[in-house]
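Work through the exercises below with the model open beside you. Try each task before reading its solution.

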Amino acid sequence: MASPGQTPKRPTGGIAAIVLSIISFVLITLWSYEGGISVDASGPLHSMRSALSTLITPLDYASSLLGSSAETVGTAVGDLTASEETLSQLKDHNEELAALVMQLEEYRLENERLKELLELSDAYSLESTAAHILRPSVDSLNQAIIIDKGTADGIAVGMPVMSPNGLIGQIESVSVYTAQVRLLTDPNSGVAVFLQANRSEGVLTGSVDRLLYLNYIALDVEVVPGDVVVSSGAGGVYPKGIVIGEVTSVTSSPSDVYQTIVVKPSARVKYYEEIMVLTGRQTEITLNSGAADNATNASENPDNEGPDTRESGA
Amino acid sequence: MDTKQPSLGIMVASALIAVVLQLVVAPLITIFGVVPNFILVLVIINAMHNSPLRSTIMGFILGLVLDLCSLGPIGAMALVLTILAYATSSLNKRGLSGETFIDALILLAAVVLGEFLVSVIYAVVGVGPEFLLLLVQRVLPAIVYDALVGFIFLLIYSKVVGNKHSGKGGGTGRTITRKLTL
């Protein structure tokens, strides 16, 4: 407390706190004004984000290296424990061989995964670029991954991203050498889809619990667990006919307008592995296999008029 | 009242460590999708030992860095860390922090408030999912994780900075911290 005759001193930093808070408010407002999380968003703040992403690229690679090294060390520790028990005299030799085998196995698996991606790309007649996942998001509120391809490799905001098992998300932010992919399971993701079994259209959205929810499917549509969900191509972001997942549960009550349908994504995002960025825009699928056929048929069915199924945000 | 604080060099080093930990280590140690917020924790701990002016500026800059590195609203974490850093540092200035137990309580309160405020901003800006779901499935686990990480760093910070400034070994209690910051 100030003594008589003394003016109470304003706490140092008070003005700074007010000024910086106002600046933060302005930044949030400006970010929203630029388009927020929309793929069409652009402006100084989004450019600043891309610029910083370029600057921190070495840290992204460091994280990737640390993560993959931790995995390798974990495997090696397990292998070495077994070797000591059975082949103690050849321990050093075994270490070298084990490391070599692990490395070769890793190359073999990588080769297989890349082949799968290439086959998938050929099957769908899509132009694509293979990329590696560097690391996941740095915060809990966004489900995203960083990949090792950026504008230097022809990657642009809005491009869909696939794994060998199906869609995993969309490029939301891109720097020179890296890009951020918002996953389908993120609550701000949305993709226009239809059910393979009955061709009903809906919108698949992500959620905090990392599951996908299929919205806008009316109560009278028969949906059962196991039904395959396929992208419809409406909205022009994701290609048509790509399998996204399968229905795991269906619930509804008489007061509901739509059913609550939970979908398990078929694509699993494994860090430090390969994915594919579709650089060619919206190519028609020429596959003759089941899912694609149904997908194409559904899109050609004139009676199939679903809700507005434009893909959202990311 | 605290009049002495760690050097600017220690503060800058802490800031750099926070950024590196957040960008390199945090994504690798997620638990059920919850990422620890090293930047939030280290800003708060720094604010317990620094002047409000320094702490506020550090909070704003590191918050902005985190905003730019994520996909969320730019300015959200900057706003939250600016407010929290100033508030925590003001408490320290009034002599309310210093005891390890009290510091831990302040840290816990700051973490709860920080995670909650960020989720509120997400909800207000309209980029977050259903608010209650977000609270239960993301914010609460994040608070627990951040608090655990924070307690560890609180002890480390007290040891490292405490020894350097007091010239004596060990101890995290009021005496040493007082010597540090008074």
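**Exercise 1. Place A:R199 and classify its backbone and its exposure.**

Solution. Start with the position: A:R199 sits in the loop between β6 (190-195) and β7 (201-205) of chain A. Bear in mind that this is a predicted model. Next, the backbone. Phi of A:R199 is near 65°, a positive value in a residue other than glycine. Last, the exposure. Partly exposed covers the range between the cut-offs of 20% and 50% relative accessible area. A:R199 has 29% relative accessibility, so A:R199 counts as partly exposed.

**Exercise 2. Find the aromatic pairs and give the geometry of each.**

Solution. Begin with the count: a search of the whole structure yields two aromatic pairs over all chains.

Take the pair in chain A. The ring centres of A:Y216 and A:Y258 are 5.4 Å apart, and the planes stand at 90°, so this pair is edge-to-face. The angle decides the class because planes over 60 degrees apart count as edge-to-face.

Now locate the partners. A:Y216 belongs to the loop between β8 (212-215) and β9 (228-231) of chain A, and A:Y258 to the loop between β10 (243-251) and β11 (260-265) of chain A; the pair therefore ties together parts 42 residues apart in sequence. Check the exposure of each. A:Y216 has 39% relative accessibility and counts as partly exposed. A:Y258 is partly exposed too, with a relative accessible area of 36%.

Turn to the pair in chain B. B:F38 and B:F153 are also edge-to-face, with 5.7 Å from centre to centre and 75° between the planes. This pair links distant parts of the chain: B:F38 is in helix α2 (residues 38-47) of chain B and B:F153 in helix α6 of chain B, 115 residues apart. Apply the burial cut-off, which is under 20% relative accessible area. B:F38 has 5%, so B:F38 is buried. B:F153 has 18%, so B:F153 is buried.

One detail remains in chain A. A:Y216 has a positive phi of about 65° although it is not a glycine.

**Exercise 3. Trace the barrel of chain A and follow its strand pairing.**

Solution. Write down the order: β1-β2-β5-β4-β3-β12 of chain A make a closed barrel of six strands, with antiparallel pairing. Add the twist. Neighbouring strands of this sheet are turned by 45° against each other on average, direction ignored.

Then go pair by pair.

- Strand β1 (residues 128-136) of chain A pairs with β2(A) in the antiparallel sense over three bridges. Here A:P136 has A:I145 in β2(A) as its bridge partner.
- β2(A) and strand β5 (residues 179-183) of chain A run antiparallel, joined by four bridges. Here the bridge partner of A:I145 is A:V181 in β5(A).
- Strand β3 (residues 160-163) of chain A and strand β12 (residues 274-278) of chain A pair in the antiparallel sense over two bridges. A:V161 stands opposite A:V277 in β12(A).

A:I145 thus appears twice: as partner of A:P136 and as partner of A:V181.

Finish with the side chains of strand β2 (residues 144-147) of chain A. A:A144 and A:I146 point one way, A:I145 and A:I147 the other way. All four are buried.

**Exercise 4. Describe the fold content of chain B, then map its nonpolar surface patch.**

Solution. Count the elements of chain B: seven helices and zero strands. From the N terminus on, they run α-α-α-α-α-α-α. Chain B has 182 residues, and 58% of them count as buried.

Now the surface. B:F101, B:L105, B:L108, B:V112, B:V144, B:L148 and B:F151 form a nonpolar patch. Together they have about 620 Å² of accessible area.

Assign the patch to elements. α5 (100-125) and α6 (131-166) of chain B each supply at least two of its residues. Which helix gives the most to the nonpolar patch? α5(B) does, with four residues.

Test one member. B:L105 is in helix α5 of chain B. A patch residue needs over 30% relative accessible area. B:L105 is at 42% relative accessibility, so B:L105 counts as partly exposed.

Terms used: Residues numbered from 1 in each chain as written. Chains lettered and ligands numbered in written order. Predicted model: local features only at pLDDT ≥ 70, side-chain atom pairs only at ≥ 80, totals over all residues. Heavy atoms only, no water. Patch = residues over 30% accessible without salt bridge, like charges linked within 9 Å, V, L, I, M, F, W, Y side chains within 5 Å. Areas by Shrake-Rupley, 256 points an atom, 1.4 Å probe, with all protein chains shown as cover. Salt bridge = Lys/Arg side-chain N within 4 Å of Asp/Glu carboxyl O. Buried < 20%, exposed > 50% of the residue type's maximum accessible area, 1.4 Å probe, protein only. Pairing = 2+ DSSP bridges. Axes fitted to C-alpha atoms, helices over the stretch in contact; angles between N-to-C directions. Phe/Tyr/Trp six-rings, centres within 6.5 Å; stacked < 30°, edge-to-face > 60°.
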